[in-house]
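Hi,

Here is the structure I said I would pass on. Have a look at it first, and then read my notes below.

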Amino acid sequence: MEPGSGSEQTASGTVTTTGASFDFPGVLVLRVRDGCITHVRDHMDGLRVAHVMGRLPAVVESLAGDGD
């Protein structure tokens with residue numbers, strides 16, 4: 001297994017289209033080889049991001065589709 005590192009983070013900002021501010025937690029996982037980042041994985045609450053962006057109803061509608 002390659003050496004790696006992880007970090008908890010909080011993304012904060014303002015949605016430019018609505019003016020709504022947001023804060024949501026996440027986890028960043030990095031793999032490093034020979035001093036270079038070879039892999040990055042960023043985990044965060046996708047539903048909260050959709051909510052902040054005003055897209056949650058569209059996500060819910062998509063998930064509640066006809067099962068195809």
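**Overall shape**

A compact globule of 68 residues would have a radius of gyration near 11 Å, whereas this chain comes out at 16 Å. Please keep in mind that this is a predicted model. The C-alpha trace spans about 45 × 35 × 15 Å along its principal axes. As for burial, 9% of the 68 residues count as buried. The chain exposes about 5,400 Å², and carbon and sulfur atoms supply 55% of that area.

You will find two helices and three strands in the chain. Reading from the N terminus, the order is β-β-β-α-α. If you take the contacts between residues at least 6 apart in sequence, 25% of them join residues at least 24 apart.

**The strands**

Let's start with β1 and β2. Strand β1 covers residues 4-14, and β2 covers residues 21-33. These two strands pair in the antiparallel sense, with eleven bridges. One place to look is S7, which has L28 in β2 as its bridge partner. Six residues sit between the strands in this hairpin, and G19 there takes a positive phi near 80°.

Next come β2 and β3, the latter running over residues 36-44. This pairing is antiparallel too, over eight bridges. Here L28 turns up again, standing opposite D42 in β3. So what links the two strands? They form a hairpin with two residues between them, and D34 in the turn has a positive phi of about 55°.**Q9 and its neighbours**

Q9 is a residue worth clicking on. It lies in strand β1. Is Q9 buried, exposed or partly exposed? Its relative accessible area is 28%, so Q9 counts as partly exposed, given that this class runs between 20% and 50%.

Which residues does Q9 touch, leaving out those up to four places away in sequence? The list is F24, P25, G26, V27, L28 and D42. D42 is 33 residues away from Q9 along the chain, and the C-alpha atoms of the two are separated by 9.8 Å. Their side chains make a polar contact with each other, at 3.0 Å. L28, another residue on the contact list of Q9, is the one that stands opposite D42.

**T38**

For a second residue, try T38, which is placed in strand β3. T38 has a relative accessibility of 41%, which means that T38 is partly exposed. If you draw a line from its C-alpha atom to that of A58, you get 34 Å, with the two residues 20 apart along the chain.

**The aromatic pair**

How many aromatic pairs does the count give? The count comes to one. The partners are F22 and F24, and their rings are stacked, with 5.3 Å from centre to centre and 20° between the planes. Both F22 and F24 are buried. You have already met F24 above, as one of the residues that Q9 touches.

Shout if you'd like to go through any of this together.

Cheers

Key:
Residues numbered from 1 in each chain as written. Predicted model: local features only at pLDDT ≥ 70, side-chain atom pairs only at ≥ 80, totals over all residues. Heavy atoms only, no water. Helix = DSSP H or I, 4+ residues; strand = E, 2+ residues; numbered from the N terminus. Buried < 20%, exposed > 50% of the residue type's maximum accessible area, 1.4 Å probe, protein only. Contact = heavy atoms within 4.5 Å. Polar contact = N/O pair within 3.5 Å; in protein donor to acceptor, adjacent residues only side chain to side chain. Pairing = 2+ DSSP bridges. Rg over C-alpha atoms; globule rule 2.2 N^0.38 Å. Areas by Shrake-Rupley, 256 points an atom, 1.4 Å probe, with all protein chains shown as cover. Phe/Tyr/Trp six-rings, centres within 6.5 Å; stacked < 30°, edge-to-face > 60°.
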